[in-house]
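Visitor: I would like a close look at one part of this model, taken slowly and residue by residue. Please begin with a single side chain and work outwards from there.

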Amino acid sequence: MQKMKLPGQEGKTAAVVGPTTEDVHAQEVPKLKMWVFRVSSPAGSRILEAGAEILTLDQLALASPKGCDTILLSGPHKGAEVYRHFGKAPGTPHRRTKPCVRSKDWKFEHMRDHLARPGYMN
């Protein structure tokens, strides 16, 4: 909902992909029209209290069939598996970065965890 407070977003419909839950950090909810995939009951009551309108998918399709004046919002993508490979080098101490391995065979990056010497422990 913070994206809808930006200039030029007034009067547009927010389409939220994914669940919408209660955010205690947001102090005020702007008055807007929004379509959500799923909304929790505290978040829904807070949105309706602020004077906003929650649309169903058919109401959204009737209001804007081509998607004009509709902003598509989604959550953060940091939970994706690809982000586990970013960061410091995997072999350095105290790093939990996942190595990019060509194969999961016995000879590719498997001996590092099995050796008990301190120089090889992560």
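Guide: Let us begin with Tyr83, which counts as partly exposed at a relative accessibility of 33%, bearing in mind throughout that this is a predicted model. Tyr83 sits in the loop between β4 and α3, and together with Val82 and Phe86 this tyrosine makes up a nonpolar patch on the surface, the three residues sharing about 290 Å² of accessible area.

The loop that carries Tyr83 also holds a charged pair, for Lys98 forms a salt bridge with Glu81, and the closest N and O atoms of the two are 2.8 Å apart. Although Lys98 and Glu81 both belong to the loop between β4 (70-74) and α3 (111-114), they are 17 residues apart, and the pair therefore links distant parts of the chain. Neither partner is buried: Lys98 is partly exposed, with a relative accessible area of 35%, and Glu81 is partly exposed as well, with a value of 38%.

A search of the whole structure finds two salt bridges, and the other one takes us away from this loop. There the side chains of Glu22 and Arg46 meet, with a distance of 2.8 Å from N to O. Because Glu22 lies in the loop between β1 (13-20) and β2 (33-39) while Arg46 belongs to helix α1 (residues 41-49), this pair ties together parts that are 24 residues apart in sequence. Glu22 is partly exposed, its relative accessible area being 33%.

Arg46 leads us into α1, a helix in which Ala43, Gly44 and Ile47 are buried. These three cover an arc of only 100° around the axis, so they fall on the same side of α1. The buried residues of α1 pack against β1, β2 and β3 (53-55), whereas Ser41 and Glu49, on the other side of the helix, are exposed. After α1 comes Gly51, whose phi is positive, near 90°.

The packing of α1 against β1 can be followed from the strand as well, by way of Thr20, a residue of β1. Thr20 counts as buried because its relative accessibility is 11%, which is under the 20% limit for that class. Once its neighbours within four places in sequence are set aside, Thr20 is in contact with Val36, Arg38, Val39, Ser40 and Ala43, and Ala43 is one of the buried residues of α1 just described.

A further relation across the sequence concerns Ala63 and Thr13, which are 50 residues apart along the chain and 9.6 Å apart in space, C-alpha to C-alpha. Ala63 lies in helix α2 (residues 57-63), and this alanine is exposed, with a relative accessible area of 54%.

It remains to ask about covalent links, and here the answer is brief: the structure holds zero disulfides. Among the cysteines, Cys68 is exposed, with a relative accessible area of 51%, and Cys100 also counts as exposed, at 66% relative accessibility.

To return to the starting point, Tyr83 shares its nonpolar surface patch with Val82 and Phe86, and the loop between β4 and α3 in which Tyr83 lies also contains the two ends of the salt bridge from Lys98 to Glu81.

Methods: Residues numbered from 1 in each chain as written. Predicted model: local features only at pLDDT ≥ 70, side-chain atom pairs only at ≥ 80, totals over all residues. Heavy atoms only, no water. Salt bridge = Lys/Arg side-chain N within 4 Å of Asp/Glu carboxyl O. Helix = DSSP H or I, 4+ residues; strand = E, 2+ residues; numbered from the N terminus. Buried < 20%, exposed > 50% of the residue type's maximum accessible area, 1.4 Å probe, protein only. Disulfide = S-S within 2.5 Å. Arc of directions from axis to C-beta. Contact = heavy atoms within 4.5 Å. Patch = residues over 30% accessible without salt bridge, like charges linked within 9 Å, V, L, I, M, F, W, Y side chains within 5 Å. Areas by Shrake-Rupley, 256 points an atom, 1.4 Å probe, with all protein chains shown as cover.
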